[in-house]
Amino acid sequence: MHNGTRSSMTHRRTSWILAVTAGLGCSEYKLTGGGDAAGTDDSGRGDDFDPDDPIVDACDDDISISARDVTLNAECDVELSTGTFSPVVEWNYGSSSFCGPPVVAQLVDTNSSGSIDPDDTPIIVLYQGGTPGFGGGRVVALYGDNSGVAWTTSAGYGQDGGFAVGDLDGDRWPEVVTADISRVCALDGQTGAERWCAAGLAGAMDPMGYNYPAIADMDGDGLAEVTIGSVILDGMTGALRGRGSLGIGAAPYEGTGWTGNYGAMSVPIDLDGDGMLELVTGNAAYNFDGSLKWTNGGRDGLVAVADFDGERAVCVIHALSTLVAP
Ligand SMILES: [Ca+2]
Ligand SMILES: [Ca+2]
Ligand SMILES: [Ca+2]
Ligand SMILES: [Ca+2]
């Protein structure tokens, strides 16, 4: 899977990780087409929260779950159907080991319209090379139609973690955010040119590189911020805007034979509907300046945030270990 002396360790760590976060761990894969490569995740809020509507609620700090009746939404019912799945490799790129999930987005004005639009060919962005646990992989942008490499960086920016894509400076051209083991960088989406790097983030990020940045307008001023672990960065410059003192959105490896934590996957979301997003980790939510909005006094963990019963009360779920019993 990986070259280097730490390959077996990383591989083994990953096997546990996949138990709870399928698709986020390492895999030696080939890129396959044939599907709708234009699917993109929207990191925007996309909710219908009304800041004037007091919503505030939170899940009980007690991690034990007490069951209660909720109305079943039958609109989402899908009848089970079975069949065969026979994927075909449409094209592939490279022969070296890749790690970390790629991202797909329209980054290059392939139809020469003068702007990024839905008809531009989606670009696949991934890390190539590098050293597991240390980063250093170059960033490669591939045309989704197999027409070649759009751009590649000469320097390394990550290896095991993920990317975030969004317009950081408001010029309507997207940037690509990378994450190494202690550094977050923004690259020009059209060329891969480095826009800025924020270094010195060790302790706020996964030391093995399993870091997943996000883009959000944390303070509602119309300008994007970048979040990673317990840190909030200015989207234009990478300057530190806030740094929390507790969790980073990482789950302990306990029970696996390994020590330490996996991941930095914090979630930017408006927990209380006041128009200001909080950065949520497994044991704390941080305000824009990094101060504590909330803490459960417990351990860190991987998190997901949702309103499960439609009562507009947001609940935070956190996994306290990378090991999940069958
Ligand atoms: Ca275009
Ligand atoms: Ca931009
Ligand atoms: Ca902002
Ligand atoms: Ca808020």
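Let me begin at one small place in the fold, where strand E17, residues 284-286, is joined to E18 by three bridges, the two strands running antiparallel. Within that pairing, Ala284 has Thr295 of E18 as its bridge partner. Before I go further, please keep in mind that what we are looking at is a predicted model, and I will come back to how confident the predictor is in its parts.

E17 and E18 belong to an open sheet of four strands, which are ordered E15-E16-E17-E18 and paired in the antiparallel sense. At the edges of this sheet we find strand E15, residues 267-269, and strand E18, residues 292-295, each of which pairs on one side only. From one strand to the next, the twist in this sheet averages 25 degrees.

Now let me step back to the whole protein, which contains one helix and 20 strands. Of its 326 residues, 39% count as buried. If we take the contacts with a separation of 6 or more, then 54% of them are between residues that lie 24 or more positions apart.

How far, then, does the predictor trust this model? The mean pLDDT of the protein is 81, and 78% of the residues reach 70 or more. Over residues 1-52, however, the pLDDT is below 50, although the model does give this stretch 80 contacts beyond near neighbours in sequence. A further stretch, residues 54-60, also stays under 50 in pLDDT, and there the model has 11 contacts beyond four places in sequence. Where pLDDT is low, the predicted coordinates should not be read in detail.

Let us turn to a second open sheet, again of four strands, with the order E9-E10-E11-E12 and antiparallel pairing. Which strands stand at the edges of this sheet, each with a single partner strand? They are strand E9, residues 214-216, and strand E12, residues 240-243, and because each has a single partner strand, one side of each is left without a neighbour in the sheet. The twist in this sheet averages 25 degrees from one strand to the next. Three bridges join E9 to strand E10, residues 225-228, and these two strands run antiparallel; one pair of bridge partners here is Ala216 and Glu225, the latter in E10.

The next group of strands is built around E7, residues 184-188, which is mostly covered, since four of its five residues are buried. On one hand, E7 pairs with strand E6, residues 175-179, in the antiparallel sense over five bridges, and in this pairing Val177 stands opposite Ala186 of E7. E6 and E7 form a hairpin, with four residues between them. On the other hand, four bridges join E7 to strand E8, residues 194-198, and these strands also run antiparallel, with Ala198 in E8 as the bridge partner of Val184. E7 and E8 likewise form a hairpin, this one with five residues between them, and Gly192 in its turn has a positive phi of about 85 degrees.

Val184 leads us to the interior. The largest nonpolar core has 66 residues, and those with the most contacts inside it are Ile123, Val184 and Ile228. Strand E2, residues 123-128, gives the most to this core, with five residues. As for Ile228, if we leave out residues up to four places away in sequence, the residues that it touches include Ala179, Val184, Leu201 and Ala264.

A further hairpin is formed by E3 and E4, with five residues between them, and Asn146 in the turn has a positive phi of about 65 degrees. Its strands, E3 at residues 137-143 and E4 at residues 149-158, pair in the antiparallel sense over five bridges, and Gly137 has Gly158 of E4 as its bridge partner.

I will finish with a single residue, Asp117, whose place is in the loop between strand E1, residues 103-105, and E2. Is Asp117 buried or exposed? Asp117 has 11 other C-beta atoms within 10 Å, and a residue counts as exposed if that number is 12 or fewer, so Asp117 is exposed. Asp117 and Gln106 are 11 residues apart in sequence, and their C-alpha atoms are 7.5 Å apart in space.

Terms used:
Residues numbered from 1 in each chain as written. Chains lettered and ligands numbered in written order. Predicted model: local features only at pLDDT ≥ 70, side-chain atom pairs only at ≥ 80, totals over all residues. Core = buried A, V, L, I, M, F, W, Y, C linked by C-beta atoms within 7 Å. Buried ≥ 20, exposed ≤ 12 C-beta atoms within 10 Å, placed from the backbone. Contact = placed C-beta atoms within 7 Å. Pairing = 2+ DSSP bridges. Axes fitted to C-alpha atoms, helices over the stretch in contact; angles between N-to-C directions. pLDDT = per-residue confidence, 0-100.
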